[in-house]
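Reader: Before I rely on any label attached to this model, I would like to hear the reasoning behind it. Could you take me through the assignments one by one?

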Amino acid sequence: MAATLCGRLFPKQGWLPLTQSVRHGSKAVTRHKKPMHILKQKLMAVTQYIPPKPPIPRGAYPPKIITVKEETGLMLILKKQVKTVFQDCKMIAVIQNNSINSEDMLTLKRRLHKHGITIKFIPNEVMRSFLQNGIYYNLLPLFIGHTVLMVSKEPKAKELLLSLKGSPQMVLLGACVENTLLSAEGLLSYSRLPSVSVVQGELVSGLTMLTSRTAALLQRHPAHLSALLQQYVRQQSPEAGGEQEAPKVEETV
């Protein structure tokens, strides 16, 4: 009996059971959360409630002190110079200086000087202070970075553009020609217009042609009438041998 129990409890060496239980990892099906669609995410982000911020009680923060910067004497002198430039010059161009060297700048000055155009180096702070409360307020966004002014007493847009072609470091931003603000494209279109003398000549020739045509039209009927009367007098005279054909009168238009 004891041998039988020992044989059952303690199996023989090399003997394997018919069934063997092996435990694996959990294979239970779990329901994962489905990701939200991108359009729904955008809609939820847009419609998300944002609570209003609570008002700041009075006295919680110290009051803001607005400091007014006083203009120095040099700034006042430069503002007077800028005012004089805008009053005397009919063309004021704003140019962006992209690190041009001294030799190229000297060459550009010589080319511009031949056409009566000068270069003014005025700080942007002075220009902004002058343009803030003036009629040239729309020029204010152009004065950012390194800028210079090219001015002339007469509008010489064509000469200015030809001079700037040899200096690619100088970029035209805009201009004021005869109290009219122009962009770079507008100044290019303005330079292609004919000169005042050519326009005046075309106007005079057109008016002369119209007046000469009007005078010819006014003289056509009296000339025709006088020719008919002369022919009638010739026919009524006793010396006329017979009726003659009426002369043809050329009508001038």
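**Reasoning from value to label**

Author: At 44% relative accessibility, E125 counts as partly exposed, and this residue is found in helix α5. The model is a predicted one, and the labels below are reached by setting a computed value against a cut-off.

Reader: Why is E125 called partly exposed?

Author: The value for E125 is 44%, while buried means under 20% and exposed means over 50%. E125 therefore falls in between and counts as partly exposed. Leaving aside neighbours within four places in sequence, E125 is in contact with K69 and M75. The C-alpha atoms of E125 and F143 are separated by 8.8 Å, with these positions 18 residues apart along the chain count.

Reader: What makes S167 count as buried?

Author: S167 has 3% relative accessibility, and the cut-off for buried is under 20%, so S167 counts as buried. S167 lies in the loop between α6 (157–165) and β4, and, not counting residues up to four places away in sequence, touches I100, L108 and R111.

Reader: Why is F86 called buried?

Author: The relative accessibility of F86 is 7%, and buried means under 20%, so F86 counts as buried. Y136 is buried as well.

Reader: How do you know that F86 and F130 form an aromatic pair, and what makes that pair tilted?

Author: The ring centres of F86 and F130 lie 5.4 Å apart, and rings pair if their centres lie within 6.5 Å, so the two form a pair. The angle between their planes is 40°; since stacked is kept for planes under 30 degrees apart and edge-to-face for those over 60, the pair counts as tilted. F86 lies in helix α3 (residues 73–88) and F130 in helix α5 (residues 124–131), so the pair ties together parts that are 44 residues apart in sequence.

Reader: What makes the pair of F86 and Y136 tilted?

Author: For F86 and Y136 the values are 4.7 Å centre to centre and 45° between the planes. The distance is within 6.5 Å and the angle is neither under 30 nor over 60 degrees, so this too is a tilted pair. Y136 lies in the loop between α5 and β3 while F86 belongs to helix α3, so the pair ties together parts that are 50 residues apart in sequence. The structure holds two aromatic pairs, and ring pairs link F86, F130 and Y136 into a cluster.

Reader: How do the helices α3 and α5 lie relative to each other, and which residues meet?

Author: The axes of α3 and α5 come within 10 Å and cross at roughly 65°, and α3 passes α5 in a right-handed crossing. On the α3 side the residues are M75, L78, K79, V82, K83 and F86, which meet E125, V126, M127, S129, F130 and L131 in α5. The residues of this contact divide into eight nonpolar, one polar and three charged.

Reader: What makes β2 and β5 the edges of the sheet?

Author: The open sheet of five strands has the order β2-β3-β1-β4-β5, with antiparallel pairing. β2 (118–120) and β5 (180–183) each have a single partner strand, so one side of each is left without a neighbour in the sheet. Neighbouring strands of this sheet are turned by 25° against each other on average, direction ignored.

Reader: How do you know that β1 pairs with β3 and with β4?

Author: Strands pair if there are at least two bridges between them. β1 and β3 have six bridges, and β1 and β4 have seven, so both combinations count as pairs, each in the antiparallel sense. Q96 stands opposite T147 in β3, and in β4 the bridge partner of Q96 is V171. β2 and β3 (residues 147–152) pair over three bridges, and the partner of K120 in β3 is L149.

Reader: Why is β1 called mostly covered?

Author: Six of the seven residues of β1 are buried. Helix α4 (residues 102–114) lies across β1 (91–97), β2, β3 and β4 (170–177), running at about 130° to β2.

Conventions
Residues are numbered from 1 along each chain as its sequence is written. This is a predicted model: local features need pLDDT of at least 70, side-chain atom pairs count only at pLDDT 80 or more; totals for chains, interfaces and linings use all residues. Side-chain values use heavy atoms; hydrogens and water are left out. Helices (H or I, at least four residues) and strands (E, at least two) are DSSP runs, numbered from the N terminus. Axes are lines fitted to C-alpha atoms, for helices over the stretch in contact, and angles run from 0 to 180 degrees between N-to-C directions. Contact means heavy atoms within 4.5 Å. Rings of Phe, Tyr and Trp (its six-membered ring) pair if their centres lie within 6.5 Å; planes under 30 degrees apart count as stacked, over 60 as edge-to-face and the rest as tilted. Buried means under 20% relative accessible area, exposed over 50%, partly exposed in between (1.4 Å probe, protein chains only). A crossing is left-handed if the near helix is turned anticlockwise from the far one by less than a right angle, and right-handed if clockwise. Ala, Val, Leu, Ile, Met, Phe, Trp, Tyr, Cys and Pro count as nonpolar, Asp, Glu, Lys and Arg as charged, and the others, Gly among them, as polar.
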